[in-house]
2 protein chains.
Amino acid sequence: MDLFASRSSRMKASEIRELLKLLDQPDIISFAGGIPDPALFPHEAVREAYDAVLSGDQAKAALQYQVSEGYLPLRRWLAGMMGGLGVACDEANIFITSGSQQGLDYLGKLFLSPGDTALVMWPTYLGALQAFNAYEPRYDRLMPDGGNMTPAAYRAAAAVTGGRPKFAYLVPDFANPTGQTLGRKQREAVLDLAGELDIAVIEDAAYRALRYDGEHEPPIQALDCARSGGIDKARTIYCGSFSKILSPGMRMGWICAPRQIVEKLVLMKQAADLHSPSINQMVIHRVAETVFDTQVEKLVDAYRQRRDGLLEALEAHMPDGVTWSRPDGGMFVWLTLPEGADATALLERSIREARVAFVPGSAFHADGSGRNTLRLSFTLADERALSEGIPRLARILKG
Amino acid sequence: MDLFASRSSRMKASEIRELLKLLDQPDIISFAGGIPDPALFPHEAVREAYDAVLSGDQAKAALQYQVSEGYLPLRRWLAGMMGGLGVACDEANIFITSGSQQGLDYLGKLFLSPGDTALVMWPTYLGALQAFNAYEPRYDRLMPDGGNMTPAAYRAAAAVTGGRPKFAYLVPDFANPTGQTLGRKQREAVLDLAGELDIAVIEDAAYRALRYDGEHEPPIQALDCARSGGIDKARTIYCGSFSKILSPGMRMGWICAPRQIVEKLVLMKQAADLHSPSINQMVIHRVAETVFDTQVEKLVDAYRQRRDGLLEALEAHMPDGVTWSRPDGGMFVWLTLPEGADATALLERSIREARVAFVPGSAFHADGSGRNTLRLSFTLADERALSEGIPRLARILKG
């Protein structure tokens, strides 16, 4: 019977799922998972917030249905935070999502019809490609540093599959997977291109708060508001996340967007899951109000040390011909192996012989290129990972 | 610019949202919202469970990422519960959703391409129509009592829009909106038709536990397993929900399905929101293990009284020519007004002149029919609602 023949069979099986299974083996030293260190979660503040929300007048509302756009005090708090980043807005511009992954899924659903084009960087966040893949786009390469693609060339390439460019997606701060941060000029270039193509810009700001050196760049959305005359005239949609600062397990994120976009997302969410959990929204609001800033400081101190440790270990052990990024923040260092190396094949050997895991870079390339690259996460890189794991990985890379 | 022209603009704006806004007016007596009475939520058990989960060894896992299929102990508990309903299965057949609404959205995404046909009852759950609408199906009428549609006629009608029938969706127990429960023979008839069409059956069991009189009918999925030789050979997908028993605000539901379906849903969820909140899954597991049965008893006692009160009030006050359902469970009574009456127009008068709200029945009809019908919810029907609200509504219906 063909009961099981369905749209989702066109989705790619996930390479990350297979990798995650390996991490269950206790002797593996893993640089693979892009996950925060659970020892740094604000357990106590979260426990107290659940207790407070469920003990007082809010208890009924915490367990009852909620409006699809989200809990108003949290939306107001986020509007204030976005204002502090240079994006003047109010609660009508804020939409609560179940993690920023849900934001990416909804934006794919909102913008993409099969054959349309999404502009992404080579490489880019694998989860974004997975979210967008469900809506069957083609991908073209976004090049904030310039390249040989004119707007007309993007349009012509998009027309081949019967669609047109719909948005540019990027992680401008401490990108997953490369750790790269775009400068002001590159951010402006993305807006220039988006303006010429008349498309949206999806700014994935998952790692934004985690800066270990230097000064924060303005969000692309702030630059856009300055050009266009305000958030409701802007084309940039900002996807924020509490996962990296407070807790990924609570699945809380937000979208800041022109209100016409928020209105469409609200209808979409009403049909898709009604609303994100009321209780988690109320708890995140309390925790964010009280410990967000101290939590950022704590994480910045801890992760900066681990990044430094990883960079030192790479310096000490990596063979000639291997290069890597030196990120100012975030969670990832990106390695480039000599031309012709195959990180996917190396992963198998690395797991088997060195008991060290990483993510091969081709997983992050919409075109399958980048076979000689790989991603290392430093958020869980303890002393043993650095002193044993990196030398063992280096021996595998030496061949 | 056409930045905002997108797929979702084809979605219908929701009539329910407009209604919900009216409910904020404090003097309105509302029979509209299909929501549980928050005074009956198990606040204490939920508060204790959050405290326990965040105080002990589970705290890190509660705030960390989780696998997309869901928290294993909860899936095992649900597999046991489904076994008790006659559906022998294990955790590989259980998929955790963020409320059963998410299950409906994913099943729409899994099965429907534009132009495909979904078989639903006239009327059916509005939220299911909203979830499926995103995937642009046509609807045809499911008639468990028999009708003049042969499988060939369903197929021929579906071919006109270039698709074919993909599933039959129904709420077999105390349906939203009619309160109707299908008997064994009708359940078997749905399976017969689905077998002849070789399509899936989506069994929405949101109200199943809330039976106030008589004996539980077997789930359609249990009848299917008995015919087909087991869950993995069955065509029925069961959507369960904790919203009506424990808390809608926590957004927890589940799907019980053949494992091939679960595997596809897991990939879909990984791309769409990674997983439902870890902490809520762990808390729901604790609360379900300890208070699920007593909670059902408490709700059945309370809601049975309110149903009886509503039926008595209708008997005492409704004018001739108005008839209504006498549900054995659930949350709703369904009124049929004389032919030619228009419940949507009456709602406006009822709100303005009587300060009483209900949901007009046409909202639940995929074809827009049922204009002379309306839905009353009795979950929040207190003494005043019955003694004042129903007489005032009756005066409006008398014209």
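Here are some exercises on a predicted model with chains A and B, each followed by a worked solution.

**Exercise 1. Find out how compact chain A is for its length.**

Step 1: Start with the parts list. Chain A has 13 helices and 13 strands.

Step 2: Compare the radius of gyration with the globule rule. The radius is 21 Å, close to the 21 Å that the rule gives for 399 residues, so chain A is as compact as a globular protein of that length.

Step 3: Look at the spans. Along its principal axes, the C-alpha trace of chain A covers about 60 × 55 × 55 Å.

Step 4: Now go inside. Of the 399 residues in chain A, 55% count as buried. Take the contacts with a separation of 6 or more: 75% of them join residues 24 or more positions apart.

**Exercise 2. Work out how the two copies are related.**

Step 1: Recall the general idea. Two copies of a chain are related by a rotation about an axis and a shift along it.

Step 2: Put in the values. Chain B lands on chain A after a rotation of 180° with 0.0 Å of shift along the axis, and the RMSD is 0.0 Å.

Step 3: Draw the conclusion. The copies are therefore related as by a two-fold rotation axis.

Step 4: Check the surfaces. Both copies use the same surface, as 100% of the contact residues of chain B recur in chain A.

**Exercise 3. Describe the side of chain B that touches chain A.**

Step 1: Count residues. Chain B gives 64 residues to the contact, and chain A gives 64.

Step 2: Find the suppliers. Helices of chain B that each provide at least two residues of this side include α2 (43-55), α5 (100-111) and α11 (278-317). The largest share, 8 residues, comes from α10(B).

Step 3: Sort by class. This side of chain B holds 31 nonpolar, 20 polar and 13 charged residues.

**Exercise 4. Decide how α2(A) runs relative to α2(B): parallel or antiparallel?**

Step 1: Get the geometry. The two helices pack at an angle of about 175°, and their axes are 10 Å apart.

Step 2: Apply the cut-off. Angles over 145 degrees count as roughly antiparallel, so α2(A) is roughly antiparallel to α2(B).

Step 3: See who meets. Among the residues in this contact are His43(A), Tyr50(A) and Leu54(A) from α2(A), along with His43(B), Tyr50(B) and Leu54(B) from α2(B). The contact residues divide into 6 nonpolar, 4 polar and 4 charged.

**Exercise 5. Say whether Ala59(A) is buried or exposed, and list its contacts.**

Step 1: Place it. Ala59(A) sits in helix α3 (residues 59-63) of chain A.

Step 2: Count neighbours. There are 21 other C-beta atoms within 10 Å, and 20 or more means buried, so Ala59(A) is buried.

Step 3: List contacts. Skipping neighbours within four places in sequence, Ala59(A) touches Val53(A), Leu54(A) and His43(B).

**Exercise 6. Track down some backbone oddities.**

Step 1: Know the usual pattern. Most residues other than glycine have a negative phi, and most peptide bonds are trans.

Step 2: Look for cis bonds. The bond from Trp122(A) to Pro123(A) is cis, with omega near 0°. Pro123(A) belongs to the loop between β3 (117-120) and α6 (126-133) of chain A.

Step 3: Look for positive phi. Glu136(B) has a phi of about 60°, while Leu274(B) has one of about 70°.

Step 4: Compare their surroundings. Glu136(B) counts as partly exposed, with 17 C-beta neighbours inside 10 Å. Leu274(B) is buried, with 24 other C-beta atoms within 10 Å.

Notes: Residues are numbered from 1 along each chain as its sequence is written. Chains are lettered from A and ligands numbered from 1 in the order in which they are written. This is a predicted model: local features need pLDDT of at least 70, side-chain atom pairs count only at pLDDT 80 or more; totals for chains, interfaces and linings use all residues. Helices (H or I, at least four residues) and strands (E, at least two) are DSSP runs, numbered from the N terminus. The radius of gyration is taken over C-alpha atoms; the globule rule is 2.2 Å times the number of residues to the power 0.38. A residue is buried if 20 or more other C-beta atoms lie within 10 Å of its own, exposed if 12 or fewer, and partly exposed in between; C-beta atoms are placed from the backbone. Two residues are in contact if their C-beta atoms, placed from the backbone, lie within 7 Å. Ala, Val, Leu, Ile, Met, Phe, Trp, Tyr, Cys and Pro count as nonpolar, Asp, Glu, Lys and Arg as charged, and the others, Gly among them, as polar. Axes are lines fitted to C-alpha atoms, for helices over the stretch in contact, and angles run from 0 to 180 degrees between N-to-C directions. Angles under 35 degrees count as roughly parallel, over 145 as roughly antiparallel, 65 to 115 as roughly perpendicular and the rest as oblique. Copies are superposed by least squares on the C-alpha atoms of residues with pLDDT of at least 70 in both.
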